[in-house]
Amino acid sequence: MLHTRRSILNRSCYGIGGIALATLLKEQNLLATSEQAATRHFDLKPKAPHGFGQAKAMISMFMQGGPSHMDLFDPKPELTRLDGKDFPGEVKYDDAAGASRECMGSPWQFKKHGQCGMDVSELLPHFSRITDDVTLIRSMHTGVNNHGQSIYALLNGQVTGGRPTLGSWFTYGLGSENQDLPAYVALTDPRGLPVLGVDNWSNGWLPSLYQGTVIRPKEPRIPNLDAPLSLKGDAQARYLNFVQRLNREHLEARPGEADLEARIQSFELAARMQTAAKEALNIDQESAATKKLYGLDNPAAAEFGTRCLIARRLVERGVRCVSLFTGNQTWDHHNNISTSLPAACLYVDQGAAALVTDLKQRGLLDTTIVHWGGEMGRLPVIQNRAGAKDRKSVGRDHNTYGFSMWVAGGGFKAGHMHGETDEFGHHAVKDVVNHYDYHATLLHLFGLDAKKLSYKRNGTEQVLVENPQARVVSEILA
């Protein structure tokens with residue numbers, strides 16, 4: 001090969017630059033040795049927690065958009081008394097253009113339910129039957145009054161993206177009890193992906209092995225599970241064994257390549273899922289009584305009920321974390337709250353309550369955390385009045401300063417109400433639970449130490465809970 005003076009100079013310069021870069025990285029201890037790289041091994045095998053943890057799995061039902069807490073869980077007689085009058089204080093609007101100061105009392109009736117006497121709206125008849133099994137938190141707070149930032153705060157601990165979500169942290173810290181199914185699963189809504197899309201189950205900067213696996217809302221829920229006819233049986237087994245051997249040899253020559261290792265493990269998991277996933281997702285095996293419990297005979301509730309039933313089947317088989325999402329801003333009722341809120345409740349109420357009931361009767365609720373809630377609540381005043389004489393078209397604006405969500409099982413108290421908002425439901429004022437307190441509490445229930453569960457990135461130990469004021473909310477623990 002003929003070398004010109006230009007090509008020699010180019011090659012020499014690139015070589016000098018590479019040497020200089022390597023030297024600089026070594027001086028700053030940023031250049032991993034082969035020994036260091038080889039020690040960074042990631043897998044989904046079960047891992048012991050830092051201490052005792054009652055919770056072994058978690059199912060989160062994320063109601064994206066912001067359920068109106070004063071219409072569902074947090075009755076406000078004073079707001080009803082002032083209905084139609086000016087709000088007697090300051091309001092933190094998100095959308096000032098559609099804002100008003102006109103108070104709106106809840107048009108729906110509340111009654112006390114269960115031995116705990118929990119106040120629940122008439123819009124949630126099924127939830128009203130499980131009040132003695134849940135902790136209702138009425139004092140949630142993120143304080144970032146927009147969907148994206150508040151979703152990030154509740155799912156990854158910060159108001160920005162690019163970080164691991166809760167499910168990724170749990171699987172990173174604890175692995176999975178079932179090596180034939182994904183450790184972390186996302187069940188999406190057929191009406192569309194949630195706000196922020198895949199960020200809702202992202203692994204962030206953790207190895208991709210810990211990313212959530214999407215199970216689609218319609219059949220086939222996991223595509224390509226069946227091998228082609230030409231590869232079924234022994235032919236496929238021999239082919240996969242050969243590919244596995246090649247992959248392992250390739251990885252051994254490249255120690256410390258976490259992404260490569262994760263990809264190989266995902267391929268191997270996909271092969272094992274051909275049998276395990278089909279069985280786990282097949283609800284035909286469930287009894288008629290169970291299907292009825294989840295509302296599968298009710299067209300309005302069947303879709304979400306089916307996903308709740310699948311979630312139970314997954315954690316029953318050792319999956320660590322399952323997240324169920326509603327469609328894009330299903331609960332974001334800036335307008336038409338009089339019709340859209342009842343519809344949203346009808347869609348999820350029966351399945352959510354059935355999940356708690358079913359887990360309890362199977363002896364799984366003690367070790368499975370169930371969560372229901374969104375990233376925010378709503379304001380006590382009318383939005384988008386726009387001169388209309390009636391209230392059929394009005395709604396409520398965002399409120400992240402005080403809202404409600406409920407949790408059950410896994411070490412949470414049963415039949416308990418925690419915290420308060422002010423007399424209008426605008427601000428959490430008693431026993432406030434910030435998103436970082438909630439995260440510290442979840443880690444505690446899983447037996448994980450918030451300071452010890454860390455991942456070294458660019459020389460810095462990264463953690464889920466960064467706020468030094470975060471605390472385990474012991475008042476809501478059994």
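A salt bridge is counted here when a side-chain nitrogen of Lys or Arg lies within 4 Å of a carboxyl oxygen of Asp or Glu. By this rule the structure, which is a predicted model, holds 29 salt bridges. The points below take up some of these pairs, and then turn to the nonpolar cores, the cavities, helix H5 and the surroundings of Asp-133.

**Salt bridges**

- Eight residues, Glu-279, Glu-286, Arg-312, Arg-313, Glu-316, Arg-317, Asp-358 and Arg-362, are linked with one another in a network of salt bridges.
- Within this group, Arg-313 pairs with Glu-279, and the closest N and O atoms of the two are 3.6 Å apart. The pair links distant parts of the chain, since Arg-313 belongs to helix H10 (residues 302-316) and Glu-279 to helix H8 (residues 258-281), 34 residues apart.
- The two partners differ in how far they are covered: Arg-313 has a relative accessibility of 2% and counts as buried, whereas Glu-279 is partly exposed, with a relative accessible area of 32%.
- Glu-279 also meets the side chain of Arg-317 in a salt bridge, at 2.8 Å from N to O. Because Glu-279 lies in helix H8 and Arg-317 in the loop between H10 and strand E7 (321-325), this pair ties together parts that are 38 residues apart in sequence. Arg-317 is partly exposed, with a relative accessible area of 21%.
- Arg-362 and Asp-358 form another salt bridge, in which the closest N and O atoms are 2.8 Å apart. Asp-358 is buried, with a relative accessible area of 0%, while Arg-362, at 35% relative accessibility, counts as partly exposed.

**Nonpolar cores**

- In soluble globular proteins, nonpolar side chains tend to be buried together.
- The largest nonpolar core in this model has 59 residues, and the members that touch the most others are Met-61, Trp-372 and Trp-406. Helix H11 (residues 337-361) contributes the largest share of this core, with twelve residues.
- Apart from its neighbours within four places in sequence, Trp-372 is in contact with ten residues that include Met-61, Met-63, Pro-67, Leu-72 and Phe-73, together with Trp-331, Val-348, Ala-352, Met-405 and Trp-406.
- A second core, separate from the one just described, has 46 residues, among them Ala-55, Phe-325, Tyr-438 and Tyr-455.

**Cavities**

- Two cavities of 30 Å³ or more are found in the structure.
- The largest cavity holds about 150 Å³ of space and is lined by 15 residues, those nearest its centre being Ser-60, Phe-62, Leu-155, Leu-166 and Ser-323. Strand E1 (57-62), helix H5 (147-156), helix H6 (166-174) and E7 are the elements that each give two or more residues to this lining.
- By class, the lining of the largest cavity is made up of nine nonpolar and six polar residues, with no charged residues.
- The second largest cavity, with a volume of about 50 Å³, is lined by Leu-124, Phe-127, Val-348, Asp-349, Ala-352, Ala-353, Trp-372 and Trp-406. Helix H11 gives four residues, the largest share of this lining.
- Seven of the residues lining the second largest cavity are nonpolar, none is polar and one is charged.

**Helix H5**

- Helix H5 is largely enclosed by the rest of the structure, because nine of its ten residues are buried. These buried residues are His-147, Gly-148, Ser-150, Ile-151, Tyr-152, Ala-153, Leu-154, Leu-155 and Asn-156.
- The elements against which the buried residues of H5 pack are strands E1, E4, E10 (398-399) and E11 (403-408), along with helices H6 and H12 (435-445).
- Just after H5 comes Gly-157, which takes a positive phi of about 95°.

**Around Asp-133**

- Asp-133 sits in the loop between strand E3 (118-121) and strand E4 (134-141), and with a relative accessible area of 15% Asp-133 is buried.
- Although Asp-133 and Val-407 are 274 residues apart in sequence, their C-alpha atoms are 9.0 Å apart in space.
- Leaving aside its neighbours within four places in sequence, Asp-133 is in contact with Val-356 and Lys-360, and also with Ala-408, Gly-409, Lys-413, Ala-414 and Gly-415.

Conventions
Residues numbered from 1 in each chain as written. Predicted model: local features only at pLDDT ≥ 70, side-chain atom pairs only at ≥ 80, totals over all residues. Heavy atoms only, no water. Core = buried A, V, L, I, M, F, W, Y, C linked by side-chain atoms within 4.5 Å. Buried < 20%, exposed > 50% of the residue type's maximum accessible area, 1.4 Å probe, protein only. Contact = heavy atoms within 4.5 Å. 1 Å grid on protein atoms, 1.4 Å probe; cavity = no way out; pocket = protein on both sides within 12 Å on 5 of 7 lines; lining within 4 Å. Points joined across faces, edges and corners; volume = space filled by probe spheres on them. Nonpolar A, V, L, I, M, F, W, Y, C, P; charged D, E, K, R; others polar.
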